[in-house]
Protein chains: 2
Amino acid sequence: MPQPCVAVVGGTGQQGRGLAQRLALAGFPVIVGSRDERRAAAAVAGWPAAAKTADYGGAIAAADVTILAVPFASVDAIVADHHARFRPGSLVVDVIVPIVSSDGVLSLAPIAEGSAAEHLRARLPAHAHLAATFKTIPAHVLDDVARPLECDEFVCGDSAEARTRAAALVQAIAGLRAIDVGPLARARAMEHMTLLAIAVNRRFKIHDARFKVIGV
Amino acid sequence: MPQPCVAVVGGTGQQGRGLAQRLALAGFPVIVGSRDERRAAAAVAGWPAAAKTADYGGAIAAADVTILAVPFASVDAIVADHHARFRPGSLVVDVIVPIVSSDGVLSLAPIAEGSAAEHLRARLPAHAHLAATFKTIPAHVLDDVARPLECDEFVCGDSAEARTRAAALVQAIAGLRAIDVGPLARARAMEHMTLLAIAVNRRFKIHDARFKVIGV
């Protein structure tokens, strides 16, 4: 079976380009979705593995898997604008951690649905699956594509199939192990782990705190 | 300097007795606080390291450090009943994860103050310090005292001093590393990690998922 085609919407941002390059290196056909396709084409030209470029709608329409690597503040408009483009049976991957800062203290934005993932589930077409993963690995660590990751990445999703497909992406990246934690209701806990990782970074004056599960 | 005297309130429960025994083995003077002192004395007699027993009030009054290893539903009454017993400058350690189950789906109980730790901070005397830790190691793993832990334990607290004192307890236990994540506002994220550990246990049919931070 051929590898699924992965669109990375926001694929020129730090998190998006890290994911796009690592997945391209792992052998997935990758389409970088960007608002500025010329800038995307220039960026992709320097990558260690081939990737195509498209505008957001083109990338989504062509993809078996769409990774939404955009800020939480932008994602609603993108989903609304391209609602009809998500292919039936395609998988959407939420990687967003909605962090807000107040007087230098970081916290998670309150979200009526519980988490960024559940917020997206309420807005995506019903015929698209949704999983959440890649929430806890720092973007700049992802973007340093030659660097082995050697950590675990949690996966949750709206169905066993969504989780299996998302876990396959995670496992395809060198040094990464997927830990399936079940339904989308677990996404908020994953978002909290990112908050903890940032807290660790601040206190230890490092930049690359991440997690491994012991006992599995 | 002599080791601080540690009271474990609820020290005959699974989490409490695991902590009490491991801290006694690490050389701390330990007092097991129990509602049923005769039962506590019988339990302690079989432990691998000596510990004293007392009722809740006696244990709290004698302690430099009080670990509240009781259910969230019980802790308010215990703090109210023994409010005057907490010694000025003593440290209280919150280890509670307020988990609720609805149709088999576990989640954290909503808490007005944000977390069990902040809930306690609002109820303890101002002259006592508060730290939160030991929230993510499974109680039965703690209780299997011969078993090395080999994982990390997060610590947050209401002051640098509280965190340092709590971290010293964590580090004294063989195989455990303390990870200071800052203010009490981080306690909710620590409680979410326990929820994730339980989710991992369920999905992988194991009982001892816990965490290690990579990069520190």
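**The contact between chains A and B, and the sheet beside it**

Between chain B and chain A, two salt bridges are counted in this predicted model. One of the salt bridges joins B:Asp180 to A:Arg203, with 3.0 Å between the closest N and O atoms. Polar contacts add to the picture: eight residue pairs are in polar contact between chain B and chain A, both residues being at pLDDT 80 or more. On the chain B side, the surface that touches chain A draws at least two residues from each of S7, strand S9 (151-157), strand S10 (176-183), H8 and strand S11 (210-214). H8(B) provides the largest share of that side, with eleven residues. Taken as a whole, the contact involves 32 residues from chain B and 32 residues from chain A. The area buried between the two chains is about 2700 Å², and carbon and sulfur atoms give 70% of that area.

A good place to turn next is the sheet of chain A. This is an open sheet of eight strands with mixed pairing, in the order S3-S2-S1-S4-S5-S8-S9-S10. Its edges are strand S3 (52-54) and strand S10 (176-183) of chain A, each of which pairs on one side only. On average, and with direction ignored, neighbouring strands of the sheet are turned by 25° against each other. Strands of a sheet pair through backbone hydrogen bonds, in either a parallel or an antiparallel sense. For strand S9 (residues 151-157) of chain A and S10(A), the pairing is parallel and extends over seven bridges. Within this part of the sheet, A:Gly157 stands opposite A:Pro183 of S10(A).

Helices from both chains meet these strands. Helix H8 (residues 187-204) of chain A lies across S8, S9 and S10 of chain A and runs at about 150° to S9(A). Helix H8 (residues 187-204) of chain B also packs on the sheet, where it touches S9 and S10 of chain A. The direction of this chain B helix makes about 95° with that of S10(A).

Finally, two loop residues deserve a look for their backbone angles. A:Phe134 has a phi near 55°, a positive value in a residue other than glycine. The loop that holds A:Phe134 runs between strand S8 (129-132) and helix H6 (139-143) of chain A. A:Phe134 counts as buried because its relative accessibility is 0%, and buried means under 20%. For B:Asp103, phi is likewise positive and near 55°. B:Asp103 sits in the loop between strand S6 (99-102) and strand S7 (105-108) of chain B. With a relative accessible area of 81%, B:Asp103 is exposed.

Methods: Residues numbered from 1 in each chain as written. Chains lettered and ligands numbered in written order. Predicted model: local features only at pLDDT ≥ 70, side-chain atom pairs only at ≥ 80, totals over all residues. Heavy atoms only, no water. Helix = DSSP H or I, 4+ residues; strand = E, 2+ residues; numbered from the N terminus. Buried < 20%, exposed > 50% of the residue type's maximum accessible area, 1.4 Å probe, protein only. Pairing = 2+ DSSP bridges. Axes fitted to C-alpha atoms, helices over the stretch in contact; angles between N-to-C directions. Contact = heavy atoms within 4.5 Å. Buried area = accessible area lost by both parts, 1.4 Å probe. Salt bridge = Lys/Arg side-chain N within 4 Å of Asp/Glu carboxyl O. Polar contact = N/O pair within 3.5 Å; in protein donor to acceptor, adjacent residues only side chain to side chain.
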